[in-house]
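Trainee: I have a structure to read and do not know where to begin. Please take me through it, one feature at a time.

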Amino acid sequence: MIAKFARPVALVSKYRRDDEPVLAAIPLRPGSDPAMLSRFGDDRWNLHPAIFRDNLPTTYRTLDFTIADPLQRLTAKEYLWARLNERRPGYQDRLAPSCAYTTLRTLRPFMTFVQAQTGAFILAAVDQDLLDAFLADQRRHSLRSAARIAQLVNAVIDLHRHAEVLTQGGLACEPWRGRPAVRIAGVVAGNTENRTPRIPDPVMAELLRWSFKYVDVFSPDILAARQELDVLIARSHELNVYGAGYQHGMIDVIVYERLERHLAARRAAGRGVPVWQHVGTSNTGTDERADAATPQSNYALMNLHVGCETRSIAQRPAMHGMLLAAVREIGTEVGGMDTPIAMDSDTGRPWRERFDSKSLAHEENMLQAACYVICAYLSGMRDSEVQAMKAGCHTVTRSADGLVERHRIASITYKSGGDRRRGEPAEWITIAPVARAIAMMERLSAAARARRHADGLWPVLKDKARTNTHLAKQAILLINAFRAHLDAAYGTPASPTIPYGPDDKPWHFTTRQFRRTVAWYIANRPFGTVAGKIQYKHASIAMFEGYAGASASGFRREVEQERALGRLDDIVEHYEDFRRGLKPTGPASARILREFEGVRRELDDFPGRVVDLGRVRAMLGHLACTLHVGFLNDCFFDPATALCLERDRAADRSAPILTHCSPDRCPNSCITRRHLAPWKASIAEADALLANPSLPPLQRAALIADNARKRRVIEPLDGGTP
Ligand code: SF4
């Protein structure tokens with residue numbers, strides 16, 4: 001398995017000096033001091049001066065070479081230095097500093113494996129047998145996809161290609177005899193299907209509905225509570241009993257009087273002693289009046305009113321006794337802050353208990369998550385594009401009479417094929433809810449941005465020194481925390497607020513899912529509604545307007561990919577209905593059923609037999625190409641017989657005009673059970689009009705005739721009329 005020789009290798013680089021700057025050939029951020037750049041000999045390389053993306057996590061800005069084995073350390077440094085600084089024309093561009101962290105991580109499993117197997121990381125001792133063992137070892141990781149294994153294999157191949165810049169040279173053999181990594185790893189050729197799961201409709205609809213509630217209904221309370229707390233904190237500095245040089249005894253007297261006044265004011269207002277809301281803490285105390293376990297007294301809030309620390313209340317018998325007496329007399333109040341809580345129109349009750357400082361910080365995070373969901377989903381922007389937004393990124397174009405015509409977002413795209421290090425400025429056209437979410441984020445993040453001297457729209461809101469400046473990858477945690485919060489606060493285990501996914505577990509959100517999901521809906525269900533408010537059609541028109549011509553962000557291409565996939569899924573669904581005996585109706589149904597019969601015969605697809613789904617999809621592919629899913633019918637488009645094109649012979653004949661469709665007359669029209677609901681709703685609407693005795697006779701006759709026609713159309717599907 002191992003080559004027979006293992007020559008000693010120098011632990012000093014033959015090619016690099018220790019004092020050579022790491023970012024020597026790379027454009028730097030304005031204001032970077034070249035004298036402060038990391039050197040080859042350093043064990044931690046700070047790449048921040050060459051990373052232009054503000055929202056990249058801190059972890060990705062440093063290369064950590066504190067690897068115990070000196071040979072691994074030297075080889076990794078020489079390889080990364082070459083990747084960052086050298087171009088290989090026709091083969092490889094310089095590595096973007098923002099990708100260097102991932103590149104080092106991808107190399108580490110191979111280095112660790114060789115060390116573990118042979119006792120030393122000596123590339124000249126690595127032969128094909130050892131490489132095959134590495135491949136087999138990676139395949140044993142059941143969670144590793146073929147694509148990930150291809151990346152790990154490619155790291156080995158690329159390391160060997162850099163043999164001339166490595167002090168210890170290359171491997172003992174040409175890895176896998178020069179075969180490409182994707183073939184070695186078994187990545188299926190042509191399998192370009194996006195592997196990011198689409199968020200199921202019920203899950204997305206509820207998440208978006210609650211996101212709207214947070215931005216449109218709950219946010220004024222959250223902002224007002226923050227303002228109240230800021231004022232209280234500022235005033236507490238003025239009230240500070242320890243700063244005026246009082247004796248201990250005097251401090252106790254002042255605290256007693258102020259606490260007494262505070263409790264009296266609460267008593268007069270009919271409010272209890274403040275206690276913490278349970279937010280991620282199991283702290284409890286005892287409600288002296290109810291003799292029951294309660295959350296602990298909110299000393300932090302009382303401290304602000306009194307201008308003292310907890311010890312001056314909790315550890316002084318007189319003060320503590322007064323507090324317990326007040327609890328017995330007036331009871332407790334969750335939260336305790338003054339900001340009133342708005343009514344939730346869905347329940348007719350306040351949407352939450354009053355705030356305390358912890359629950360306020362928590363709700364601010366939830367509001368940030370809601371803003372992110374709206375921006376990411378309804379703009380179609382990638383996570384990197386959303387997170388590159390800055391305060392002031394939203395502008396509007398107005399008509400001559402002052403009406404808003406366009407909402408525009410300015411941000412950066414990193415996928416344009418242009419300068420991927422710095423990104424390219426780009427503009428997106430969007431819809432009003434996104435504009436509202438951006439405006440809300442600007443207000444919500446103002447303090448954090450000022451504190452952190454950052455103008456990005458998505459700072460970490462928490463006021464702690466040891467946190468990232470920008471949300472970056474924490475966005476995923478935040479969105480899932482939002483889902484968990486909604487379930488805990490407004491749902492039950494049996495009936496979660498955000499419906500579970502197909503595996504009957506809470507759906508795990510990732511930032512990528514939003515763009516893919518909205519692309520799919522725009523491509524395949526443009527008539528669908530989101531949370532009863534947003535029409536995808538409306539969103540898609542706005543999104544596409546932002547990508548006029550060649551799309552900077554590639555969204556139009558992704559929508560087309562989703563359209564192709566969606567059509568295939570839809571035609572397979574039609575076929576599955578046919579197999580179950582659920583036949584469609586409409587003029588095209590006979591033609592489609594003939595096609596399905598042919599496929600069934602060809603595949604011998606009869607009850608009791610298991611047929612390869614891939615073959616079914618392949619045989620139905622030609623039908624999928626013509627399928628246009630609609631609200632009242634599906635169109636198997638044939639321009640020669642399309643009634644919607646009759647009106648205008650000069651019209652573009654490459655696609656149907658769905659808005660001119662004649663679902664019950666056109667030979668291309670096919671109606672399924674999926675279309676029943678809108679037909680029935682239309683019939684019911686006409687029936688409601690007919691119930692009006694003052695309806696003019698002509699209109700009555702027309703409605704009766706039209707309803708009869710609709711009932712005839714759906715009768716084969718429904719077996720009766722509504
Ligand atoms: S009239 Fe309707 S079914 Fe016929 S081609 Fe046009 S859109 Fe398709």
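**Reading the cores, a helix, a sheet and a ligand site**

Mentor: The largest nonpolar core has 134 residues, and A370, C371, Y372, V373 and I374 have the most contacts inside it. Helix 11 (residues 357–379) gives the most to this core, with 13 residues. Keep in mind that this is a predicted model.

Trainee: What is the general idea behind looking for a core?

Mentor: In soluble globular proteins, nonpolar side chains tend to be buried together. Here, apart from the core of 134 residues, there lies another core of 25 residues, among them L627, V629, A642 and L645.

Trainee: Which residues is A370 in contact with, leaving aside its neighbours within four places in sequence?

Mentor: They are S211, Y214, V215 and F482. For the protein, take contacts between residues at least 6 apart in sequence: 63% of them join residues at least 24 apart.

Trainee: How many helices and strands are there, and what share of the residues is buried?

Mentor: The protein has 22 helices and 16 strands. Of its 722 residues, 36% are buried.

Trainee: How do I read a single helix, say helix 8: is it mostly covered or mostly open?

Mentor: Start with the general geometry. An α-helix has 3.6 residues a turn, so residues three or four places apart point the same way. Then count what is buried. In helix 8 (residues 299–306), seven of the eight residues are buried, and the helix is mostly covered. Those seven are Y299, L301, M302, N303, L304, H305 and V306.

Trainee: What do the buried residues of helix 8 pack against?

Mentor: They pack against helix 6 (201–239), helix 7 (248–268), strand 3 (273–275) and helix 9 (311–314). Just after helix 8 comes G307, with a positive phi of about 85 degrees.

Trainee: Now a sheet. In what order do strands 14, 15 and 16 lie?

Mentor: To read a sheet, follow the partners. The order is 14-15-16, in an open sheet with antiparallel pairing. Strand 14 (627–629) and strand 16 (669–670) each have a single partner strand, so one side of each is left without a neighbour in the sheet. Strand 15 (residues 634–636) pairs with strand 16 over two bridges, and D634 stands opposite C670 in strand 16.

Trainee: Which residues surround the ligand?

Mentor: List the shell, then sort it by class. The ligand is surrounded by C635, F637, A642, L643, C644, P656, L658, C661, S662, C666, N668 and S669. The shell has nine nonpolar residues, three polar ones and no charged ones. A642 belongs to the shell and also to the core of 25 residues.

Terms used: Residues are numbered from 1 along each chain as its sequence is written. This is a predicted model: local features need pLDDT of at least 70, side-chain atom pairs count only at pLDDT 80 or more; totals for chains, interfaces and linings use all residues. A residue is near a molecule or strand if its C-beta atom, placed from the backbone, lies within 6 Å of it. Ala, Val, Leu, Ile, Met, Phe, Trp, Tyr, Cys and Pro count as nonpolar, Asp, Glu, Lys and Arg as charged, and the others, Gly among them, as polar. Two strands pair if DSSP finds at least two bridges between them. Helices (H or I, at least four residues) and strands (E, at least two) are DSSP runs, numbered from the N terminus. A residue is buried if 20 or more other C-beta atoms lie within 10 Å of its own, exposed if 12 or fewer, and partly exposed in between; C-beta atoms are placed from the backbone. Two residues are in contact if their C-beta atoms, placed from the backbone, lie within 7 Å. A nonpolar core is a set of buried Ala, Val, Leu, Ile, Met, Phe, Trp, Tyr and Cys residues joined through C-beta atoms within 7 Å.
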